[in-house]
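Please open the model in a viewer and keep the selection panel at hand. The tour below proceeds by selections, each followed by a description of what is found there.

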Amino acid sequence: MLAVLYLIVCAAFGISFVSLCIPDTGRFFTACSPGKSVVGKLPPVLFVVPAGITVGLMAVSMFNYYAIYLLNLVVENHDMARRAGVLVTFAVFIILTGVNFTSYIKRQHKSSDSEESKIPVYVHSTSNVIYYGIATVIFTGVAAFLMLYSYRITDGILYAGYSVYSDLSPHTAMTSSFAVGYNFPTQYIHFSGDGIQYHFFFYFLAGMLEYLGFSIDLAINIPSIITMVCGFELLGALAVLLSRKKASFMLAPVFVLLRSSFNVFVHIKELTATGVSFINAVKSIAQSDLWYEVTPFDSWGIWAINVYSNQRHLMLGVSAMLILIILMIPFVRRMCISLIRANDIGEGPVEVRYLKTFIASREAWIFRKDDPLNPFGITLLACVIAAVMPFFHGSALIGTLLVLLIMAVFSETRVSYAMIAGIAVLSSFIQTQIFAGGASSVVLLKRAAGFIVEDKSPKGISNYLVMVTGLTLIVAGCYVIYLLIRNIMGRKPVYRELLFLAFLAPMIFAFNFQVSLEMLANHKFIQFSLILIDVFVAGGISELFSPPSKLSEKLPKAGYIAVRIGLIALACVLMVPLTATGASEWCTYVNRNRNCVEVDTRSDLTEWIIDNTNTNDVFLTPQWTLNRFYLTGRPSYYGWPYYAWSAGHDTYTREDIYYWLISGCNNNIDEFRRYCHERGITYLIDDPTFFQFDYPDGVIYNKEFFAENLTPVAYFPEEGTTIYRVD
């Protein structure tokens, strides 16, 4: 199947490109980690493969989009342009993959002929294969259940769970617009004729997979599963690199899947206060299908596992963020090591040596000479990711740049950071010009303190964070303090502590600035920080399960055993509040999505529109969310307005025009036609759902007017729907 081949091409190119840019993963891992022992604990494949798949999906899809976009300018036949775009994409990236692997093999051959490196080489072990293999299977199983359970086709019926159908409505429409329709130049399908301000490339990828053979549920679910697994593998790899504890590979994703919060404990307290026993309170929570609200919008599930199923493109953005952060960690660690050495050697006051190393040295700004770490390759890879990110996940790009900004302050090779930021800004500027007419249409940056917290005082925000994050920040903070004390005493680089501060940057930003019309959208920045900070939580818990071996040398055997048992007991106790709310929210997710919105993928209306209308025809429809109409890939003049509003479109003006149109323009058919022609509206779908919406006083759907003045072109008695052409 061509859709599978498409994914294979993406993976092969990405893996070959990452391998070429980072030819010595052992050296790279050592540069990221506090010690060389990490090389034996983390197989290179756990970074190279998920990073490669992520890069490949993004790079190939973006190239494919612009190939079709440009062909659209010279090829009138839409299907021919799309087919040619796919063929060109396959040809280009198959060739590039071959070139990458050939160059990589030649480089590896030269390295083997050179002087033996002091860096240890990873040796495969049965225990590692079993452990990481089981972890990957678990990640895949969880991701597959999360995605397939809430969005699937069975016997021709598309089932979208109650907790996800709202967000998946525009995503389904956008996917169909590339698979069945022809959305070039691209517009927001729920709001025709106004370009697009939403990062949509993930749904272009899904659309191409549907076009190449997948059903729409698989086209959306498969890349969602793949990118979630990649995100978990990269997060686990980062945790092992920073903690040198294999257990953290599994724990970091667990803390993402089962978030920490005090919500469930507040819920239990509320239930038991009414006389319900603890056991029955737990049973009641396990059977609930509503998100329990303690802080504003908790009832929307904005912090729950639901968010990853709602926003299928989120984990792709997280994966790209993790790759960029991991790529730049060696330069932060090197600066810390250089500062330690400046304290020990050199002439003049120590403050002067520090400043010279930190600011005036060559290494602080540009690549080291003959650097075996291959900083050019690392920078090239990072720049490619930054270039393709803006319309895959703009918020993730902003969050990543915030983290990298803090890292750059304490890093060597700052020119690399400048190049990454410059490429990201340039790419964002060009693409926003193409899709939305300018960056100001996409990003609304203004000072706005307090996020959605009602009490915006420092105490109010602190209370909010404690309630929302539970023990996450507390456990991570304690672990970082432990590392700081140990590293200062042992005169070791304190780069992990600096990374912790950098990881907080998106969260701090969320409480001080607003980037979109909807302030609630800032929750993604907080979520980015929490995902990154879970690395330190995993490291801290892993440390308790497996304390330093040196501890056994300082304590008698009986004392060491007692301390070991105590630390393991503490870790087990901490796991409860760290995961309890997340577990309760999984129950809610399962219960809530037993009920689904159903869409008939074989609807006569859907098939008629696909067969009898042009892909650029605009329809005047009810304010539908998820509807059989959106499987046609055709744009609606005014779909459910919240989607378009939250994506940055001016829904208020269009709403007035929409009400004027559906009410019959004061029973003036000439005026109605004029308005429709000016806005490219070709068809009106007369559907019973027009009467299910609440309109302002004086606004009615004028069914009789349209029946008298427009010519029906299709009628579907079983659905009670008529399609009129606006002549």
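The coordinates belong to a predicted model.

**Stop 1: Gly-56**

Begin by selecting Gly-56, which is placed in helix H4. Is Gly-56 buried or exposed? Its relative accessibility is 0%, so Gly-56 counts as buried. Display next the residues that Gly-56 touches beyond those up to four places away in sequence: Cys-10, Phe-13, Gly-14 and Ser-61. For a sense of scale, add Gly-698, which is 642 residues from Gly-56 in sequence; the two C-alpha atoms are 54 Å apart in space.

**Stop 2: H4 against H9**

Extend the selection to the whole of helix H4, residues 45–74, and add helix H9, residues 216–243. The two axes come within 9 Å, and their crossing angle is roughly 140 degrees. H4 and H9 are therefore oblique to each other. The crossing by which H4 passes H9 is left-handed.

To see the contact itself, show side chains on both helices. On the H4 side, select Leu-46, Phe-47, Pro-50, Ala-51, Ile-53, Thr-54 and Leu-57; they meet Ile-226, Thr-227, Cys-230, Glu-233, Leu-234 and Ala-237 of H9. Colouring this contact by residue class gives ten nonpolar residues, two polar and one charged.

**Stop 3: H9 against H23**

Keep H9 on screen and add helix H23, residues 523–545. Here the axes are 9 Å apart and the packing angle is about 50 degrees. H9 and H23 are therefore oblique to each other. In this pair, H9 passes H23 in a right-handed crossing.

Which residues make the contact? From H9, select Leu-235, Leu-238, Ala-239, Leu-242 and Ser-243; from H23, select Ile-531, Val-535, Phe-536 and Gly-539. The contact of H9 with H23 comprises seven nonpolar residues, two polar and no charged.

**Stop 4: H16 and its surroundings**

Move now to helix H16, residues 375–388. Its 14 residues reach 20 Å from the first C-alpha to the last, close to the 20 Å expected at 1.5 Å a residue. How many of its residues are buried? Ten of the 14 are, and H16 is thus mostly covered. Select these buried positions: Pro-375, Gly-377, Ile-378, Thr-379, Leu-381, Ala-382, Cys-383, Ile-385, Ala-386 and Val-388. Then display the elements against which they pack, namely helix H1 (2–21), helix H2 (25–32), H4, H14, helix H17 (394–409) and helix H18 (414–436). H4 was shown at the second stop, while H14 and H18 come next.

**Stop 5: Arg-334 and the pair H14 and H18**

Select Arg-334, which lies in helix H14, residues 314–344. With a relative accessible area of 14%, Arg-334 falls under the 20% limit and is therefore buried. Apart from neighbours within four places in sequence, Arg-334 is in contact with Arg-368, Asp-371, Leu-373 and Glu-412. Leu-397 may be added as a reference point: 63 residues separate it from Arg-334 in sequence, and the C-alpha atoms are 25 Å apart.

Now show H14 in full together with H18. The axes of H14 and H18 come within 10 Å and cross at roughly 150 degrees. An angle over 145 degrees counts as roughly antiparallel, which is why H14 and H18 are described in that way. The crossing of these two helices is left-handed. At the contact, Met-328, Phe-331, Val-332 and Met-335 of H14 meet Arg-414, Ser-416, Tyr-417 and Ile-420 of H18. By class, the residues of the contact of H14 with H18 are six nonpolar, one polar and one charged.

**Stop 6: H6**

Select helix H6, residues 126–150. Its 25 residues should span 36 Å at 1.5 Å a residue, and the end C-alpha atoms are 36 Å apart, in agreement. Within H6, the buried residues to highlight are Asn-128, Tyr-132, Ala-135, Phe-139, Ala-143, Ala-144, Leu-146, Met-147, Tyr-149 and Ser-150.

**Stop 7: H28**

Finish with helix H28, residues 651–662. The expected span of its twelve residues is 16 Å, and the distance between its end C-alpha atoms, 16 Å, agrees. Its buried residues are Thr-651, Arg-654, Ile-657, Tyr-658, Tyr-659, Leu-661 and Ile-662. Among the elements that cover them are strand E6 (618–620), helix H27 (641–646), helix H29 (669–678), strand E7 (681–686) and helix H30 (703–709).

How values were computed:
Residues are numbered from 1 along each chain as its sequence is written. This is a predicted model: local features need pLDDT of at least 70, side-chain atom pairs count only at pLDDT 80 or more; totals for chains, interfaces and linings use all residues. Side-chain values use heavy atoms; hydrogens and water are left out. Helices (H or I, at least four residues) and strands (E, at least two) are DSSP runs, numbered from the N terminus. The expected span of a helix is 1.5 Å times one less than its number of residues. Buried means under 20% relative accessible area, exposed over 50%, partly exposed in between (1.4 Å probe, protein chains only). Axes are lines fitted to C-alpha atoms, for helices over the stretch in contact, and angles run from 0 to 180 degrees between N-to-C directions. Angles under 35 degrees count as roughly parallel, over 145 as roughly antiparallel, 65 to 115 as roughly perpendicular and the rest as oblique. A crossing is left-handed if the near helix is turned anticlockwise from the far one by less than a right angle, and right-handed if clockwise. Contact means heavy atoms within 4.5 Å. Ala, Val, Leu, Ile, Met, Phe, Trp, Tyr, Cys and Pro count as nonpolar, Asp, Glu, Lys and Arg as charged, and the others, Gly among them, as polar.
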